[in-house]
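Visitor: I'd like to go through this one with you and ask how each label was earned. Can we take it slowly?

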Amino acid sequence: GLGSVFYSDLDGSESTPSVGDSLTPRPVVKLGGGHHCTCSLAQSPPLLDLMGKSERQQLSSLALESRKISSMFGCQVALRFPMPPSKSLFNGLEALPGLLRHMTWHNDGDKYNDKKRFDFVVGIFLSPIISSCDGCLWVRPGSHLKRANDLSKFKDTPILAPAPGTVIVFDKFLYHAGGPNVSASIRYATYYRMRFETTK
């Protein structure tokens with residue numbers, strides 16, 4: 001009813017792949033005018049395999065009333081880079097309230113056009129998110145139900161992922177935002193916009 005469901009992993013194992021198992025920032029390839037670009041990874045087989053057929057079946061039985069899920073058309077690689085050092089960022093928790101006011105809230109249902117029809121979003125966090133300073137995904141639980149213009153009545157809630165492989169499933173109209181990363185590490189995640197198979 002809140003628009004999102006959380007799982008520590010899909011199969012209960014400790015072997016979920018992770019690209020963010022180190023606390024030190026890693027080199028990032030820069031493409032196109034010096035901007036960070038991950039577009040070329042959208043069809044990467046290892047990333048698509050994180051939501052392969054068996055994973056979709058497990059997800060469906062756990063949270064989606066065993067409805068059949070179509071194969072996805074790609075994934076979004078979502079990296080939250082550490083903010084550059086400054087006097088205001090010596091203490092991440094102290095700087096966080098001011099930074100949160102600048103988050104861009106949106107829902108994916110309104111953001112994407114009809115050519116990318118989907119019903120819900122699956123996110124897999126590939127690195128640990130221990131505190132609200134770690135570049136969290138922030139959500140407003142319940143905001144998908146009325147899609148009202150006034151979002152102030154919904155509580156801003158950070159999603160923590162203490163272990164790589166943590167999964168979130170949320171409604172396409174749930175309002176969410178990417179939070180500031182005032183930690184020392186890149187936050188790695190992938191998002192999959194999924195749809196149910198239509199019955200004939």
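Guide: Sure, starting with surface: accessible areas come from the Shrake-Rupley method with a 1.4 Å probe, and for residues only the protein chains shown count as cover. The accessible surface of the protein comes to about 11,400 Å², and 55% of that belongs to carbon and sulfur atoms. This is a predicted model, where local features need pLDDT of at least 70 and side-chain atom pairs count only at pLDDT 80 or more, while totals for chains, interfaces and linings use all residues. Residues are numbered from 1 along each chain as its sequence is written, and side-chain values use heavy atoms, with hydrogens and water left out.

Visitor: What makes Phe120 and Phe196 an aromatic pair, and why is the pair called tilted?

Guide: Rings of Phe, Tyr and Trp (its six-membered ring) pair if their centres lie within 6.5 Å; planes under 30 degrees apart count as stacked, over 60 as edge-to-face and the rest as tilted. Here the centres are 5.1 Å apart and the planes make 40°, so the two rings pair and the label is tilted. By this rule the count comes to 1 aromatic pair.

Visitor: Where do the two rings sit along the chain?

Guide: Phe120 is in strand S5 (residues 120-125) and Phe196 in the segment after strand S10 (187-194), 76 residues apart. Strands (E, at least two residues) and helices (H or I, at least four) are DSSP runs, numbered from the N terminus.

Visitor: How do you know whether Phe120 is buried or exposed?

Guide: Buried means under 20% relative accessible area, exposed over 50%, and partly exposed in between, with a 1.4 Å probe and protein chains only. Phe120 has 5% relative accessibility, so Phe120 counts as buried. Phe196, at 11%, counts as buried too.

Visitor: What sits over the ring of Phe196?

Guide: The charged end of Arg67, 3.7 Å from the ring centre. The rule asks for NZ of Lys or CZ of Arg within 6 Å of the ring centre and within 35 degrees of the ring normal. Arg140 likewise has its charged end over the ring of Trp105, 3.9 Å from the centre.

Visitor: Why is strand S8 called largely enclosed?

Guide: 5 of the 6 residues of S8 (residues 166-171) are buried, so the rest of the structure largely encloses this strand. S5 and S8 run antiparallel, joined by 6 bridges, and two strands pair if DSSP finds at least two bridges. Val122 stands opposite Val169 in S8.
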